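Open the model in your viewer and keep the selection panel at hand. The tour goes from the whole chain to one helix.

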Amino acid sequence: MKIRQFDKKDIASVISLWKQCGLTRPWNNSQQDITRKLKVQPELFVVGEVDGQVMASAMAGYDGHRGSVYYLAVSPDYQESGYGRKIMAWIEQTLLEMGCPKLNIVVRSSNKNVLRFYDALDYVTDDVISLGKRIIPDQ
């Protein structure tokens, strides 16, 4: 898998990938999420390619205190092949080079497969509650 920065020509492929992986929700506008990310640390929005086809993605960020990862996706056709580990290793190394001391990841509690994936990468459940408030509606 080749990891490279997201390019606008990847929009349709990435949104399709997110849908295949069950990451989209009716209340989030995927196109708008991409547009927003391209305005802030676009170098931390990456895709993975095999044979020239986008089959993985991840959005990362670092605010000077903590890093984060969203939209980590690997096509179901390529899952269980080490590609998720590879893209996470790239993210961890890149954030480490930026001086990031800790990486936080938000996972839906119902997504048991993804929780097992992160457990295998030595991520632990923090004793916190994730709170959210939409201040710009997507719809």
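A contact here means heavy atoms within 4.5 Å. Among such contacts between residues at least 6 apart in sequence, 63% join residues at least 24 apart in the protein chain. Bear in mind that this is a predicted model.

Start with the whole protein chain. Colour by secondary structure: there are four helices and five strands. Trace them from the N terminus and the order reads β-α-α-β-β-β-α-β-α. Show the C-alpha trace. Along its principal axes, the trace spans about 40 × 35 × 30 Å. The radius of gyration is 15 Å, which agrees with the value near 14 Å for a compact globule of 139 residues.

Now turn on the surface. About 8900 Å² is exposed, and carbon and sulfur atoms supply 51% of that area. Of the 139 residues, 37% are buried.

Next, select residues 83–97. This is helix α3, with 15 residues. From first C-alpha to last, α3 reaches 21 Å, close to the 21 Å expected at 1.5 Å a residue.

Which residues of α3 are buried? Show Tyr83, Gly84, Ile87, Met88, Ile91, Thr94 and Leu95. They lie on the same side of α3 because they cover an arc of only 135° around the axis. An α-helix has 3.6 residues a turn, so residues three or four places apart point the same way.

Add the partners of this buried side. Its residues pack against strands β1 (2–5), β2 (45–50), β3 (53–62), β4 (67–74) and β5 (103–105), and against helix α4 (112–120).

Rotate to the face turned away from the buried side. There sit the exposed residues Leu96 and Glu97.

Last stop: Gly99, just after α3. Gly99 takes a positive phi of about 90°.

Terms used. Residues numbered from 1 in each chain as written. Predicted model: local features only at pLDDT ≥ 70, side-chain atom pairs only at ≥ 80, totals over all residues. Heavy atoms only, no water. Helix = DSSP H or I, 4+ residues; strand = E, 2+ residues; numbered from the N terminus. Expected span 1.5 Å × (residues − 1). Buried < 20%, exposed > 50% of the residue type's maximum accessible area, 1.4 Å probe, protein only. Arc of directions from axis to C-beta. Rg over C-alpha atoms; globule rule 2.2 N^0.38 Å. Areas by Shrake-Rupley, 256 points an atom, 1.4 Å probe, with all protein chains shown as cover.
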